[in-house]
Amino acid sequence: MDLTHRSKLVVDALVTLFKDVESTCDHVKITGISDALRFDCAGDLNKFDVTLQKGNSEVLDIESRVNQAKATYSVSYLNEFLKVLKPLCDFITFSFASDMPLRIDCELMKYGTLSIFLAPRIDTD
């Protein structure tokens, strides 16, 4: 699978971010560019839009082989994954490409790497 965008992020910051997202919407669009990762969605009453920039304390690294990658994922699944990963690792890596599965990697201290894949939501009109 050719995942064109990779962001290494602080787990605690993502847990907080997705608690806020969950109160707004069911699905979140993640957009990756060369120096940032953007999370946005719109619910019935509110909108949510947060950009994590390379160099911020929440972002350890960002690499992108394309100008822009974007895909939409389930907020409830992401929240559940992050709750499980929070006690296991301090940092996670989000890797994805446009309309492709999201790969979440967590480096376990002495035990290797745990990888989780989440299928994107594909809208068909």
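Trainee: What makes the four strands β4-β3-β2-β6 an open sheet, and which way do they pair?

Mentor: This is a predicted model. In it, 4 strands line up in the order β4-β3-β2-β6, and the pairing is antiparallel. β4 (47-53) and β6 stand at the edges. Each has a single partner strand, so one side of each is left without a neighbour in the sheet. From one strand to the next, the twist averages 15°.

Trainee: How do you know that β2 and β6 pair?

Mentor: Count the bridges. Two strands pair if there are at least two bridges between them. Strand β2 (residues 27-33) and β6 have 6 bridges, in the antiparallel sense. Histidine 27 stands opposite serine 74 in β6.

Trainee: Why is serine 74 called buried?

Mentor: Buried means under 20% relative accessible area. Serine 74 has 13%, so the residue counts as buried. Serine 74 belongs to strand β6 (residues 69-74).

Trainee: What does serine 74 contact, leaving aside its neighbours within four places in sequence?

Mentor: Asp26, His27 and Leu118.

Trainee: What makes the link from the side chain of serine 74 to tyrosine 77 a polar contact?

Mentor: The distance is 3.3 Å, from the serine 74 side chain to the backbone nitrogen of tyrosine 77. The cut-off for such a pair of N or O atoms is within 3.5 Å.

Trainee: Which helices lie across these strands?

Mentor: Helix α1 (residues 11-22) lies across β2, β3 (36-42) and β4, running at about 165° to β4. Helix α2 (residues 75-85) lies across β2 and β6, running at about 85° to β6.

Trainee: Which residues of α2 are buried, and how do you know that they are on the same side?

Mentor: The buried residues are Val75, Leu78, Asn79, Phe81, Leu82 and Leu85. They cover an arc of only 165° around the axis, so they sit on the same side of α2. Their packing partners are α1, β2, β6, β7, β8 and β9 (112-118).

Trainee: Why is aspartate 99 called partly exposed?

Mentor: Buried is under 20%, exposed is over 50%, and partly exposed is in between. Aspartate 99 has 47% relative accessibility, so the residue counts as partly exposed.

Trainee: Where is aspartate 99, and what is its phi?

Mentor: Aspartate 99 is in the loop between β7 (91-96) and β8 (102-108). Its phi is near 55°, a positive value in a residue other than glycine.

Technical notes:
Residues numbered from 1 in each chain as written. Predicted model: local features only at pLDDT ≥ 70, side-chain atom pairs only at ≥ 80, totals over all residues. Heavy atoms only, no water. Helix = DSSP H or I, 4+ residues; strand = E, 2+ residues; numbered from the N terminus. Buried < 20%, exposed > 50% of the residue type's maximum accessible area, 1.4 Å probe, protein only. Polar contact = N/O pair within 3.5 Å; in protein donor to acceptor, adjacent residues only side chain to side chain. Contact = heavy atoms within 4.5 Å. Axes fitted to C-alpha atoms, helices over the stretch in contact; angles between N-to-C directions. Arc of directions from axis to C-beta.
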